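Q: Got a minute to walk through a fold with me? I'd like to start with the sheet and then wander.

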Amino acid sequence: MANLKEIRNRIASVSSTMQITSAMKMVSAAKLKKAQDAITAMRPYSDKLTELLQSLSASLDGDAGSKYADNRTVNKVLVVAITSNRGLCGAFNTNIIKQCSVLLDTYSGKQVDFITVGKKANDALGKSNAILSNHSNVYDDLTFDNVAEIAESLMQRFTEGEYDKIELVYNKFKNAATQIIMSEQFLPIVPVEGDASGAADYIFEPSKPEIVEQLIPKSLKTQLYKAIRDSFASEHGARMTAMHKATDNATELRDQLKLTYNKARQAAITNEILEIVGGAEALNN
């Protein structure tokens, strides 16, 4: 009977875990809807703004905004690693850490420092790399203004020559089950490929330098905000998928344990019946 008690305890434990994972799945599903709507609504504006910025940057020559498009010899690289503050979301955070390791190999021999957005990146990368700052608290109030402060710091580090290149590493949201690992150049600005004469189709008022001077910082802030928003939606999608799989696995394990319990109970009852019959026969003899 000790074996039966052990199986009952395991069934109770698995059932409790299943209730927790099921609840976490529903919570993530509710949060995912809001985060998905936010990033879906933002993407067209962000993509068009980036397209306009790249088109203008390709024709910049000594204008005020050209300091953000300064392609220097890359000796110092700053990587912004965007993860979540919590786990239980599958390989969501692990994939970002792996991509950061790939960048370290790519820029081997150069100085590579990190700024982290999320506790998981800070904990993993901080063990063997230089972490300039951690902005895990941005998720407490994920607004454009809070992200803009981080973007301004990055722009200042680049324009002052502290770093020659800045890259963003994050998960791009595709759907609840799929996240795309992105390694995206933040600074210097990547000019549009091909002929930049398309910029001549725009009419500038008051002037192109004045417009670009305001447009570039706003576009860069929007780019970083979109990356963090993408990661935020991806986190909930990954957690919902992971908890769904965990719930299914727990259900399967519980059913197997119940079957094992029933077989063991039947075997125990059969043994007791055999003992009673054997005892009765012994008395009759």
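A: Sure. One bit of wording before we start: two strands count as paired if DSSP finds at least two bridges between them. Also keep in mind that this is a predicted model.

Q: Fine. So how many bridges join E1 to E2, and do they run parallel or antiparallel?

A: E1 and E2 run parallel, with 7 bridges joining them. To give you one register point, Val 79 has Phe 114 in E2 as its bridge partner.

Q: What does Val 79 pair with in E4?

A: In E4 the bridge partner of Val 79 is Glu 167. Strand E1 (residues 76-82) pairs with strand E4 (residues 165-175) in the parallel sense, over 5 bridges. Another partner pair there is Val 77 with Lys 165 in E4.

Q: What's the strand order in the whole sheet?

A: The order is E3-E2-E1-E4-E5, in an open sheet of 5 strands with mixed pairing. E3 and strand E5 (178-187) are the edge strands, each pairing on one side only. On average, neighbouring strands are turned by 20° against each other, direction ignored.

Q: Where does the antiparallel part come in, and how many bridges does it have?

A: Between E4 and E5: they run antiparallel, joined by 9 bridges. The connection is a hairpin through 2 residues. If you want a spot to look at, Asn 171 stands opposite Ile 181 in E5.

Q: Is E4 enclosed or open to the outside, and how many of its residues are buried?

A: E4 is largely enclosed by the rest of the structure, because 8 of its 11 residues are buried. E2 is largely enclosed too, with 6 of its 7 residues buried.

Q: What lies across the sheet?

A: H4 lies across E1, strand E2 (111-117), E3, E4 and E5, and runs at about 45° to E5. H5 also packs on the sheet, where it touches E1, E2, E4 and E5. The direction of H5 makes about 40° with that of E4.

Q: Changing topic: how many aromatic pairs are there?

A: There are 2 aromatic pairs. Tyr 139 and Phe 232 form a stacked one, 6.0 Å centre to centre with 20° between the planes.

Q: Which parts of the chain does that pair link?

A: Distant ones, 93 residues apart. Tyr 139 is in the loop between strand E3 (131-134) and helix H4 (144-159), while Phe 232 is in helix H5 (residues 208-284). Tyr 139 counts as buried, at 13% relative accessibility.

Q: And the other pair, what's its geometry?

A: Phe 144 and Tyr 225 are edge-to-face, at 5.6 Å centre to centre and 85° between the planes. That pair also links distant parts of the chain, with Phe 144 in helix H4 and Tyr 225 in helix H5, 81 residues apart.

Q: Are those two rings' residues buried or exposed?

A: Tyr 225 is buried, with a relative accessible area of 13%. Phe 144 is partly exposed, at 31%.

Q: Which ring has the charged end of Arg 72 over it?

A: That's Phe 158: the charged end of Arg 72 sits over its ring, 4.4 Å from the centre.

Q: Now cysteines. How many disulfides?

A: The count is 0. Cys 89 is in no disulfide, and the nearest cysteine sulfur, in Cys 100, is 15 Å away.

Q: Why is Cys 100 not bonded to Cys 89?

A: Because their sulfurs are 15 Å apart, which is too far for a bond; a disulfide needs the sulfur atoms within 2.5 Å. Cys 89 counts as buried at 2% relative accessibility, and Cys 100 counts as buried at 0%.

Q: Last one: where is Lys 120, and what is it in contact with?

A: Lys 120 lies in helix H3 (residues 119-125). Leaving aside neighbours within four places in sequence, Lys 120 is in contact with Thr 83, Ser 84, Asn 85, Arg 86, Gly 87, Asn 93 and Ile 97.

Q: Is Lys 120 buried or exposed?

A: In between: at 34% relative accessibility, Lys 120 counts as partly exposed.

Q: And how far is Lys 120 from Leu 49 in space?

A: They're 31 Å apart, C-alpha to C-alpha, and 71 residues apart in sequence.

Terms used:
Residues are numbered from 1 along each chain as its sequence is written. This is a predicted model: local features need pLDDT of at least 70, side-chain atom pairs count only at pLDDT 80 or more; totals for chains, interfaces and linings use all residues. Side-chain values use heavy atoms; hydrogens and water are left out. Rings of Phe, Tyr and Trp (its six-membered ring) pair if their centres lie within 6.5 Å; planes under 30 degrees apart count as stacked, over 60 as edge-to-face and the rest as tilted. Helices (H or I, at least four residues) and strands (E, at least two) are DSSP runs, numbered from the N terminus. Buried means under 20% relative accessible area, exposed over 50%, partly exposed in between (1.4 Å probe, protein chains only). A charge sits over a ring if NZ of Lys or CZ of Arg is within 6 Å of the ring centre and within 35 degrees of the ring normal. Axes are lines fitted to C-alpha atoms, for helices over the stretch in contact, and angles run from 0 to 180 degrees between N-to-C directions. Contact means heavy atoms within 4.5 Å.
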